[in-house]
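Trainee: Please take a close look at one sheet for me. Then work outwards from there to the parts around it.

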Amino acid sequence: MQPPPSARDVLVLAQIVDLVRSGAGTTRPELEAVTGLGRTIVNDRVREGIDLGVLAEVEAAPSGRRRGRPSRSIRFRTEAGVILAASLGEVSLHAAVTDLDGRYLAREFRSIDVQDGPEHVLRAVHESFRRLLRRLGSPAPVWAVSVGLPAPTDHPTGRVVTPRTIPGWAGFDARSWFSARCDAPVWVDNETNLRALGEWERGEPQERRDLLYVKVATGIGSGLVTGGRLHRGDSGAAGDIGHVRVTDDPAAVCRCGKTGCLEAVAGGWALVRTLTERARAGESPVLAERLAEVGHLTGEDIGRAVAAGDEAARWAVSRAARVTGTAIAGVVNFLNPGTLVLGGGVLRTGDLFFEEFRQAVLDGGIELATRSLTIRTASLADAEGTTGAALLSAESLLRPSALQLWLAEGTPVAAAARLQAVQ
Ligand SMILES: [Zn+2]
């Protein structure tokens, strides 16, 4: 039996795995050159990585001209473990099983109501995970669980912080809830943060500039990736823009208890409120008919009314878009991102919101902040939250400081608590 690897061996192995994974070194000679280490050390550590199942040899394609044996390249085994990723909106749940590169192996969508409280909603998430794993048969072991919640979340502890619109979640420790049920390290973050990260990492076109993601759905939130990292702020509240004051109109009563919030004019729930009133007042025949049929309106109904040219619906959506765009113009002036992405259920109401939003950002933005700003809609079709969740946990598991904690054991499961603590 071989002696256990020394701390230094594990450090070098973690470095080599990271180089292979990032593509900075994918053959033994390249790894020697990049690390400055000798051939024997590199060979030994690569062999350990292969034995642990995180590295694999790749047969090189035959080379026409070169003589001699080509160097076989080495790849990181993204199939060594799987990640359970979920992204929760106020009424939607996206769940997925991904490989260690955030690529989907299976995914599903469910309707939820976050007001049902954390126990009920997280049980739905857990059921989704189990169903997806069953559908895959026997995938690789679960290496991480990563969940985005529709509330400000204290990232290191995974606790929900001051959720003004979902008071039943106040202080709830979502990470411990999953840790008690899943034998793997758990990460919890704000859902809009994860959407921003997903678009930054995998959105099209790939720009890799600082990215501001604005989600307009039932509520309104935003997430920022700057210098390639999520900006969460001092206590996890960064990006929580839905409750900034945008109007003195006393009719704009917000569900947070204040008046004049952005959400109270432009959130999905406020649009439904405004247009229900208009339909009842006889100003929207299309929506009045729908209201009489089913008793309430949805975002889809509003989208159909906009497409049908209904004036009240077009007025309300345009106003919501312009108020949102004007508020975001202030953020753009302040932060100067390279890319501004609009996502969330609002995209299902057609192009009108995006066009008006875009124009309001440009009208309210200073020239230096907007002249090279790309403004686009989310490109991952609502999968950006689960993609971001998977990539956040993969990054947290696989950076060298984390790899050191678990590589020698061959699985991050045994080091779950320590891995969560170093993020
Ligand atoms: Zn509010």
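**A sheet and its surroundings**

Mentor: Start with one pair: L93 stands opposite R110 in strand 5. This is a predicted model: local features need pLDDT of at least 70, side-chain atom pairs count only at pLDDT 80 or more, and totals for chains, interfaces and linings use all residues. Residues are numbered from 1 along each chain as its sequence is written. Helices (H or I, at least four residues) and strands (E, at least two) are DSSP runs, numbered from the N terminus.

Strand 4 and strand 5 are antiparallel, joined by 7 bridges. Two strands pair if DSSP finds at least two bridges between them. The hairpin of strand 4 and strand 5 has 5 residues between the strands, and there G102 takes a positive phi near 75°.

Now go to strand 3 (residues 82–88). It runs antiparallel to strand 4 (residues 92–98), with 6 bridges between them. I83 has T98 of strand 4 as its bridge partner.

Helix 14 (residues 384–398) packs on this sheet. It touches strand 3, strand 4, strand 5, strand 6 and strand 9, and its direction makes about 135° with that of strand 3. Two residues are in contact if their C-beta atoms, placed from the backbone, lie within 7 Å. Axes are lines fitted to C-alpha atoms, for helices over the stretch in contact, and angles run from 0 to 180 degrees between N-to-C directions.

Put the strands together. The sheet is open, has 5 strands and follows the order 5-4-3-6-9, with mixed pairing. Its edge strands are strand 5 (104–111) and strand 9 (186–190), each pairing on one side only. On average, neighbouring strands of this sheet are turned by 15° against each other, direction ignored.

Follow helix 6 next. It lies across strand 3, strand 6 (142–149) and strand 9, at about 95° to strand 9.

There is another open sheet, with 5 strands in the order 12-11-10-13-14 and mixed pairing. Strand 12 (229–230) and strand 14 (374–377) stand at its edges, each with a single partner strand, so one side of each is left without a neighbour in the sheet. Helix 6 (residues 191–202) packs on this sheet as well, touching strand 10 (211–216), strand 11 (220–226), strand 12 and strand 13. Its direction makes about 45° with that of strand 11. In the same region of the fold, strand 13 (residues 339–343) and strand 14 run parallel, joined by 4 bridges. V341 stands opposite R376 in strand 14.

Look at the loop after helix 6. P205 is found in the loop between helix 6 and strand 10. A cis peptide bond joins E204 to P205, with omega about -5°. R208 is found in that loop too. Its phi is near 60°, a positive value in a residue other than glycine. For background, most residues other than glycine have a negative phi, and most peptide bonds are trans.

Step back to the domains, whose bounds come from an automatic or database domain assignment. The chain is divided into domain 1 (7–76), domain 2 (82–197 + 383–393 + 405–421) and domain 3 (208–377). The C-alpha centres of domain 1 and domain 2 lie 32 Å apart.

Now two helix pairs. Helix 1 (residues 7–22) and helix 3 pack at about 75°, with axes 9 Å apart. They are therefore roughly perpendicular to each other. Angles under 35 degrees count as roughly parallel, over 145 as roughly antiparallel, 65 to 115 as roughly perpendicular and the rest as oblique. D9, V12, L13, I16 and V17 of helix 1 meet I41, R45, V46, E48 and G49 of helix 3.

The axes of helix 2 (residues 28–35) and helix 3 (residues 39–52) come within 10 Å and cross at roughly 120°. That makes helix 2 oblique to helix 3. The contact involves R28, L31, E32 and T35 of helix 2, with R39, V42, N43 and V46 of helix 3.

Finish with helix 11 (residues 311–335). At 1.5 Å a residue, its 25 residues should span 36 Å, and its end C-alpha atoms are 35 Å apart, which agrees. The expected span is 1.5 Å times one less than the number of residues. Just after helix 11, N336 takes a positive phi of about 55°.
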